[in-house]
Structures are given as structure tokens and as C-alpha cells.
Amino acid sequence: MSRFVDDVPEGTPGHGDEFDREASAAHRDRSHDADAGARSRWLIADPDLSRDEAAAALRDALTWPRAGGAAGPAVAGLAAVAGGLLGIAAAVWLLDLVEWPSWAALGAVGAAAVGIPVWAATERRANGRARARQQVATATARKSLVEVPASFATWAESDGRSLGHGDLVALARAVSATRTAASALDAWRWGDPEVDWPHAHAVVDPVLVAEYEAARAALDVLAGPLGYEVPAEIVPESLR
């Protein structure tokens, strides 16, 4: 049986099969007042992927990588303490300084000299691991999940609906491609590019319209035999 994952929390960067964060932010800003049917759900295309695994991959793929855990700051703190003690020891035993301000000054220098490089190294390692986790999650999500309008999931899960999983995935990918092409066309027409507008419009607009029409034609070929009626929300608003 085909399964869907709910849309990521509102405001999470990322939209469409390409996980284009900037395009997603613009899309969500323009469509914040859209009805519930225009929201997204994610079809799990890989039948071997559990719902929890799919949700985790989607969440990790669509959020900026964050290095979690307190080990890094703790290690850096211990290193700073050790560096401070070494600085004080150097002041007392090597330089024969007896004034406590001198101890404090060399202790601070030692803490900074040891603590800062250790902190930077642990941060680099943690951030590298976080980016690697996101790359793996993004690859999994691109391969195994397809973003569709919530109305598509409602249609697919309605009583009496019987579709092969492969047919549903093919239809979902066609819906997603059409929706992405529609968003690209609207973003272009409603944007404010720093170029010569009439010339750019004459060159770019026909290309984006053709891409949308090609995606829509491919969708219609699949939608008809499967009984899916393409909703108005998939049509570019600039063409309605």
C-alpha cells in the first residue's frame, strides 16, 4: 500500500524534487494564504523505506545542517582550563613571577592559546559530520520521496481507489514536475530581475512556458487512464 508523509513544518526551507531552498521560501511567501489543498505531502516512492525513516530523511534534508551535542564545547572548555593552568605554571616556575595579575594574564593567554584551536577543530569536525548526514539524507529523499499537493494524497487514499504503487509514483512525479515548472514560471513573471526586462521576457518566458506545457502534457497522458483530474492549483497562477 502506498504511504504518504505529512509536509514539513511551515517555514522549513526546501520545496520540490530538487530541494531548492530559495525557491521554496519565495513560493511559500507568495502562497501563504493558499487553502489547505495547496499544501504538500510526500509520497514514499521506495516501498522498503519505513514512514519513520522517510520522515527523518526529509527532515534532515530540508533543514540546514546543525552540529548537535555538547561534547565539542566540553572538550574545548577542558582544553582551555588545561591551557590556563599551563600558563599559570609557566608564570610561577619558568618566569618566577609572584604577582597574581601576572599569573592571571598568562593563565588567560594559555587558556586562549589552547582552548580556541581545540574549539575550532571540534566545530569543524562536528559541522563536517552534520553536512555529511544532510548529504546522505538529501540523496535518500530525492530518490525515495516525491512531493505532491495534499489534494493528491487525499485522492490517492480515498475509499475504493486501487492503483499500483508504480503507477502512483509515476503520476506523482509527473504532478511534481508540472507543479515545479508552474512555480518557476510564476517566479519569473512576478520577479524583478536586474536585467533588461523586455528583452529577457522575450527570451526566457517562452522557454518557461514550453517547459510547463511539456510537463503538463506528460502529466495529462498519465492522469487520464488513472482517473486523476488535474486540479487548478497545479496551473501557474500567471496563466489562470
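Helix H6 (residues 165–190) lies across strands S1, S2 and S3 and runs at about 65° to S3. Contact here means heavy atoms within 4.5 Å; axes are lines fitted to C-alpha atoms, for helices over the stretch in contact, and angles run from 0 to 180 degrees between N-to-C directions. Helices (H or I, at least four residues) and strands (E, at least two) are DSSP runs, numbered from the N terminus. Helix H2 (residues 51–61) also lies across S1, S2 and S3, and its direction is at about 45° to S1.

The structure is a predicted model, in which local features need pLDDT of at least 70 and side-chain atom pairs count only at pLDDT 80 or more, while totals for chains, interfaces and linings use all residues. Residues are numbered from 1 along each chain as its sequence is written, and side-chain values use heavy atoms, with hydrogens and water left out.

The chain contains seven helices and three strands, arranged from the N terminus as β-α-β-α-α-α-β-α-α-α. Of its 240 residues, 34% are buried, where buried means under 20% relative accessible area, exposed over 50% and partly exposed in between (1.4 Å probe, protein chains only). Among contacts with a separation of 6 or more, 77% join residues 24 or more positions apart.

The three strands form an open sheet in the order S1-S2-S3 with antiparallel pairing; two strands pair if DSSP finds at least two bridges between them. S1 and S3 are the edge strands, each pairing on one side only. On average, neighbouring strands of this sheet are turned by 35° against each other, direction ignored.

Three bridges join S1 (residues 4–6) to S2. Phe4 stands opposite Leu43 in S2, and Val5 stands opposite Trp42. Between S2 (residues 40–44) and S3 there are five bridges. Trp42 has Glu147 of S3 as its bridge partner, whereas Arg41 is matched with Val148.

How are the side chains of these strands placed? In a regular strand the side chains alternate between the two faces of the sheet. In S2, Ser40, Trp42 and Ile44 point one way, Arg41 and Leu43 point the other way, and all are buried. S2 is thus mostly covered, with five of its five residues buried. In S3, Leu145, Glu147 and Pro149 point one way and Val146 and Val148 the other, again all buried. Because five of the five residues of S3 (residues 145–149) are buried, this strand is largely enclosed by the rest of the structure.

Further along the chain, Pro236 lies in the segment after helix H7 (197–226). Pro236 is buried, with a relative accessible area of 0%. Leaving aside neighbours within four places in sequence, Pro236 is in contact with Ala182, Leu185, Asp186 and Tyr212. Pro236 and Ala187 are 49 residues apart in sequence, and their C-alpha atoms are 9.6 Å apart in space.

The outer surface remains to be described. The accessible surface of the chain comes to about 13800 Å², of which 60% belongs to carbon and sulfur atoms; such areas come from the Shrake-Rupley method with a 1.4 Å probe, and for residues only the protein chains shown count as cover. Leu85, in helix H3 (residues 71–94), counts as exposed at 56% relative accessibility.
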